[in-house]
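Biologist: Hi! Could you walk me through a few spots in this one?
Modeller: Happy to, let's have a look together.

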Amino acid sequence: MIDMFLCVFPTAVNDMEKKLAEFKCDTNEAVCLKLVRFPEDIDDESTTFHPEYSHQLFGDDEVAFGYKGLQIQLYYSAGNLSTLFKVKYTARVTDTFDCVEPDDVEGKVREIIPAGFCCNTDDFISLLEKEANFRPFGSLLHTYKVHNVEAGEDLTYQIHKVDVSCPGFREYHERLQTFLMWFIETASFIDVDDDHWDFFLVFEKYNKDGETLYASVGYMTVYNYYVYPDKTRPRVSQMLILPPFQGEGHGAQLLETVHRYYCTSAKVQDITAEDPSENYVKLRDFVLVKLCLTLPSFSSEKLSQGFSEEMVSEAREKLKINKKHARRVYEILRLRNTDMSDEEKAREFRLEVKKRLYGPYRVSVCVLSARVSCRSIPVCDRLLLRSRMTAV
């Protein structure tokens with residue numbers, strides 16, 4: 001019946017498809033995020049930023065159907081992250097077509113934002129007035145300054161360590177982690193009731209009408225794995241610097257502070273990361289190179305002598321860096337100190353890199369050769385050989 005309809009009325013079907021296509025919206029553009037410090041920021045388009053990803057809520061196509069001019073507003077107070085959530089549109093598909101239902105975009109967003117959000121702008125503005133009472137959670141680990149060109153001054157930032165037992169932090173973290181869904185491709189929420197989690201937060205310290213206020217900048221979560229018999233291995237799970245603060249060096253400050261924090265613990269074996277992104281690997285390279293430059297074993301004289309056990313040992317004991325990462329730092333610093341216009345020195349560097357690249361293949365070839373040799377032995381001899389090895 002449907003096929004007959006399509007054959008008889010193809011033009012009508014095409015017109016219908018075109019009209020319905022007008023009700024599709026790119027959710028990466030439709031979702032509007034803000035970190036609000038002042039009431040006037042609410043209507044200031046320059047303070048709006050958009051997600052990099054929205055597929056976890058709206059599917060792989062990152063499209064919402066059923067609306068024209070869709071705008072999903074998620075506005076957060078800069079410090080405590082109190083939330084204003086509103087959905088706006090200029091037209092909905094049900095206004096034109098009776099038999100077509102729009103996507104439940106409001107229901108999908110409600111799945112990730114915790115209860116207690118505002119739907120009214122006036123209520124949200126009243127919460128902004130309470131921002132002066134907000135203070136960073138946990139203990140202060142590090143303070144640093146970043147020069148802001150627009151403000152024409154140095155702005156102050158703080159990094160704090162906190163655990164979930166800190167009053168008010170659980171609720172704050174529930175609001176903070178919603179940003180993960182928009183900016184980390186495979187993000188998921190963590191079980192904060194597990195006491196193996198450590199949280200590190202970055203805040204900007206600023207003044208408003210003579211009062212000191214704080215704005216949320218970013219954060220990192222670290223899980224402490226057990227290592228037999230009495231060690232732990234902190235593993236970075238999630239790290240996010242919010243878009244308005246990206247490109248200012250906060251990620252490097254945060255990662256270096258976290259490394260220095262764990263370096264003081266004798267129980268820490270080394271520090272790793274869970275499924276690191278390419279950008280995280282670049283950031284880690286920068287931080288670890290900076291830290292290793294302070295070690296005698298990574299001096300210019302030692303670098304020219306090749307990768308050594310002294311480097312491995314000193315990086316592990318003083319900076320909790322494992323052998324793989326120490327080798328990577330060595331190659332970066334070796335390249336930095338190598339005059340690549342000198343053919344002999346350039347050749348020496350290439351051979352050092354090849355030595356690392358060929359290592360795993362050399363082992364694989366040896367194992368494969370042993371298997372081939374074993375297969376060439378008659379079955380009865382192989383069984384006899386295996387029985388003797390078992391007896392031994």
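**A chat about the model**

Modeller: Let's start at Leu357, which sits in helix 14, residues 343-375. Keep in mind that this is a predicted model.

Biologist: Is Leu357 buried, exposed or partly exposed?

Modeller: Leu357 has a relative accessibility of 42%, so it counts as partly exposed, since buried would need under 20% and exposed over 50%.

Biologist: And which residues make up the nonpolar patch with Leu357?

Modeller: Tyr358 and Tyr361 join Leu357 in that surface patch, and together they have about 370 Å² of accessible area.

Biologist: Now the loop before helix 14. Where is Thr338?

Modeller: Thr338 is in the loop that links helix 13 (323-336) with helix 14. Its relative accessible area is 13%, so Thr338 is buried.

Biologist: What lies 2.5 Å from a polar side-chain atom of Thr338?

Modeller: That's the backbone oxygen of Arg334. If you skip the neighbours within four places in sequence, Thr338 also touches Lys345, Ala346 and Phe349.

Biologist: Cool. Switching to strands: how many residues of strand 5 are buried?

Modeller: Six of the seven, so strand 5 is mostly covered.

Biologist: What does strand 5 pair with, and in which sense?

Modeller: Strand 2 (residues 31-36) runs parallel to strand 5, with six bridges joining them. On that side, Lys34 stands opposite Tyr75. Strand 6 pairs with strand 5 in the antiparallel sense, also over six bridges, and there Gln73 faces Lys86.

Biologist: How many residues are between strand 5 and strand 6 in the hairpin?

Modeller: Five, and Leu81 in that turn has a positive phi of about 65°.

Biologist: Why would you flag a positive phi?

Modeller: Because most residues other than glycine have a negative phi.

Biologist: Is Leu81 buried or exposed?

Modeller: Leu81 is buried, because its relative accessibility is 0%.

Biologist: Which other residue has a positive phi without being a glycine?

Modeller: Asp275 does, at about 45°. You'll find Asp275 in the loop between strand 13 (272-273) and helix 10 (278-292). Asp275 is exposed, because its relative accessible area is 66%.

Biologist: Last thing: which residues does a cis peptide bond join?

Modeller: Tyr228 and Pro229, with omega about 0°. Pro229 belongs to the loop between strand 11 (211-227) and strand 12 (231-241). I'd point it out because most peptide bonds are trans.

Biologist: Great, thanks!

Methods. Residues are numbered from 1 along each chain as its sequence is written. This is a predicted model: local features need pLDDT of at least 70, side-chain atom pairs count only at pLDDT 80 or more; totals for chains, interfaces and linings use all residues. Side-chain values use heavy atoms; hydrogens and water are left out. Helices (H or I, at least four residues) and strands (E, at least two) are DSSP runs, numbered from the N terminus. Buried means under 20% relative accessible area, exposed over 50%, partly exposed in between (1.4 Å probe, protein chains only). Patches are made of residues with over 30% relative accessible area and no salt bridge: like charges are joined within 9 Å, nonpolar side chains (Val, Leu, Ile, Met, Phe, Trp, Tyr) within 5 Å. Accessible areas come from the Shrake-Rupley method with a 1.4 Å probe; for residues, only the protein chains shown count as cover. A salt bridge is a side-chain nitrogen of Lys or Arg within 4 Å of a carboxyl oxygen of Asp or Glu. A polar contact is a pair of N or O atoms within 3.5 Å; within protein, one must be able to donate a hydrogen and the other to accept it, and residues adjacent in sequence count only if both atoms are side-chain atoms. Contact means heavy atoms within 4.5 Å. Two strands pair if DSSP finds at least two bridges between them.
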